[in-house]
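Visitor: Could you walk me through this one? I'd like to start with a single residue and then step back to the whole fold.

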Amino acid sequence: MRVYLPTTMAGLRAALADGGVDAPTGYAVTPALREWYVEGDLEELEYAATSAAARASLRMLGDGAPRRVVLAAELPDGRVHPSGTPPGEDRAAVRLDGPVDLSLVESALVDDPDAAD
């Protein structure tokens, strides 16, 4: 299952140093997201999940480089669980069963430095 992991530039540096990402919450194409966005194809649903992860990254920003970072990882279905978030609150949220090894990360989506303003 493709899961989008929100982080920050500092979180990305730590993941590279540690060899993994400690992200208890991720974002994915969930049944709730499919039901809500019934007319969307897979690409549109993945964009919606990516956008939810980018919003979560914004909430994580503090001091430092104000740029969103989202890591896309391919995880076995057994590692991804429903988040327990109330319906309608965050349809793409999922709970992960532990840190994600960097070997499972397929790509990183990072804001351009010009986006920091």
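Guide: A word on terms before we begin: helices and strands here are DSSP runs, with at least four residues for a helix and at least two for a strand, numbered from the N terminus. Please keep in mind that this is a predicted model.

Visitor: Okay, so where is R67 found?

Guide: R67 sits in the loop that runs between α3 (42-60) and β4 (69-74).

Visitor: And which side chain of opposite charge is nearest to it?

Guide: That is D111, at 6.4 Å, and R67, although buried, has no salt bridge. Because a salt bridge requires a side-chain nitrogen of Lys or Arg within 4 Å of a carboxyl oxygen of Asp or Glu, the D111 side chain at 6.4 Å does not qualify.

Visitor: What lies 2.8 Å from a polar atom of the R67 side chain, then?

Guide: The backbone oxygen of D111 does. Leaving aside residues up to four places away in sequence, R67 touches M9, S57, L61, V110, D111, D112, P113 and A116.

Visitor: Switching topic: how many helices and strands does the protein have?

Guide: There are three helices and eight strands, and along the sequence they follow the pattern β-α-β-β-α-α-β-β-β-β-β.

Visitor: What about its radius of gyration?

Guide: The protein has 14 Å, which agrees with the value near 13 Å for a compact globule of 117 residues, and its C-alpha trace spans about 35 × 30 × 25 Å along the principal axes.

Visitor: And how much counts as buried?

Guide: Of the 117 residues, 38% count as buried, while the accessible surface comes to about 6800 Å², with 52% of it belonging to carbon and sulfur atoms.

Technical notes
Residues numbered from 1 in each chain as written. Predicted model: local features only at pLDDT ≥ 70, side-chain atom pairs only at ≥ 80, totals over all residues. Heavy atoms only, no water. Buried < 20%, exposed > 50% of the residue type's maximum accessible area, 1.4 Å probe, protein only. Lys, Arg positive; Asp, Glu negative; His and termini not counted. Polar contact = N/O pair within 3.5 Å; in protein donor to acceptor, adjacent residues only side chain to side chain. Contact = heavy atoms within 4.5 Å. Rg over C-alpha atoms; globule rule 2.2 N^0.38 Å. Areas by Shrake-Rupley, 256 points an atom, 1.4 Å probe, with all protein chains shown as cover.
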